[in-house]
Amino acid sequence: MCGRFALTQTPEHVRAWFAYRDQPNFPPRYNIAPTQPVAVVTLDQGERRFVLMRWGFIPGFVKDPKEYPLVINVRSETAREKASFRAAFLRRRCLMPADGFYEWQAAGRVKRPFLIRRPDRAVFAFAAIHETWSSPDGSEIDTVAIMTTHANGTLAAVHERSPVMLLSQEAVARWLDPALPLDEAEAMLRPPAEAALELIPVGTGVNSVANDDPSLQQRVEAAPLPPEKSRKADDGQGSLF
């Protein structure tokens, strides 16, 4: 799963990596949370665009978002078949730029946060889908959610689910390609290789959305991780952690 993430690279670096034509200016973010506006890269008439969307997917058929659960993650195993996500998976695949994300590991009565990132701290993309929700009064909200899959390697020590991470320019282009066969798009929804990530124990400051500064990513001392079998089972799509 993925309930918080970071994007700390400069706007120029992010723009160069994702090759969109817009020139947005945005500050580094160390603790991006659900329902906040997030950076999203889409393909619009053959051109990549940078847009802001609400992190929290709302299907078009929903009448009142207050009565619909907060969906920040979409399980890759069922996205193609579920009515809520099927059309977006087919026609509205997108990217969420990031350079790190957080997971919480249950340790007794507390949850320990960990920062997961590439060892070289490079930017990457979450594979995502988006939907524009229209309210009865005619206003619209662009919404987005991250695709998730089973975890393996490094991340499996903390949580059994993993966001789908696209680490190369080739993968980014393939995921955005509207002509990509659905079987091939579905085949991309796999966890990253173990060597692609590093796991860093961090302080509990990241637990509060009010905190958003570089100190959140400082390594702290932590006890050794317990065996994988002691992890709490995934409680389903849409939960934060």
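# Exercises on a predicted model

The count of disulfides in this structure comes to 0. Keep in mind as you work that the model is predicted.

## Exercise 1: The cysteines

Explain why cysteine 2 forms no disulfide with cysteine 94.

**Solution.** Start with the chemistry: a disulfide is a covalent bond between the sulfur atoms of two cysteines. To count here, the two sulfurs must lie within 2.5 Å. Next, look at the distance. The cysteine sulfur closest to that of cysteine 2 belongs to cysteine 94, and it is 14 Å away, so the two are too far apart for a bond. Seen from the other side, cysteine 94 is in no disulfide either. Finally, check the surroundings: cysteine 2 is buried at 0% relative accessibility, and cysteine 94 is buried with a relative accessible area of 0%.

## Exercise 2: Two threonines

Decide whether threonine 42 and threonine 78 are buried or partly exposed.

**Solution.** Take threonine 42 to begin with. You will find it in strand S3, residues 37-44. Its relative accessible area is 10%, and because buried means under 20%, threonine 42 counts as buried. Setting aside neighbours within four places in sequence, its contacts include Arg48, Val51, Cys94, His130 and Leu176.

Now move to threonine 78, which sits in the loop between strand S5 (73-75) and helix H2 (86-91). Its relative accessibility is 27%, so it counts as partly exposed. For a sense of distance, its C-alpha atom is 25 Å from that of glutamate 170, a residue 92 places away along the chain.

## Exercise 3: The nonpolar core

Find which residues touch the most other members of the largest nonpolar core.

**Solution.** A useful background idea is that nonpolar side chains tend to be buried together in soluble globular proteins. In this model, the largest nonpolar core has 59 residues, and those touching the most other members are Phe5, Met96, Phe126, Met147, Leu166 and Trp175. Strand S9 (residues 124-134) gives the most to this core, with 6 residues. Then zoom in on tryptophan 175: beyond four places in sequence, the residues it touches include Phe89, Leu95, Met147, Leu166 and Met188. A second, separate core holds 9 residues, among them Ala6, Tyr102, Leu115 and Ile200.

## Exercise 4: The whole fold

Work out how the protein compares with a globular protein of its length.

**Solution.** Begin with the parts: the protein has 5 helices and 13 strands. Its radius of gyration is 17 Å, close to the 18 Å from the globule rule for 241 residues, so the protein is as compact as a globular protein of that length. To finish, note that 49% of the 241 residues are buried.

Key. Residues numbered from 1 in each chain as written. Predicted model: local features only at pLDDT ≥ 70, side-chain atom pairs only at ≥ 80, totals over all residues. Heavy atoms only, no water. Core = buried A, V, L, I, M, F, W, Y, C linked by side-chain atoms within 4.5 Å. Buried < 20%, exposed > 50% of the residue type's maximum accessible area, 1.4 Å probe, protein only. Helix = DSSP H or I, 4+ residues; strand = E, 2+ residues; numbered from the N terminus. Contact = heavy atoms within 4.5 Å. Rg over C-alpha atoms; globule rule 2.2 N^0.38 Å.
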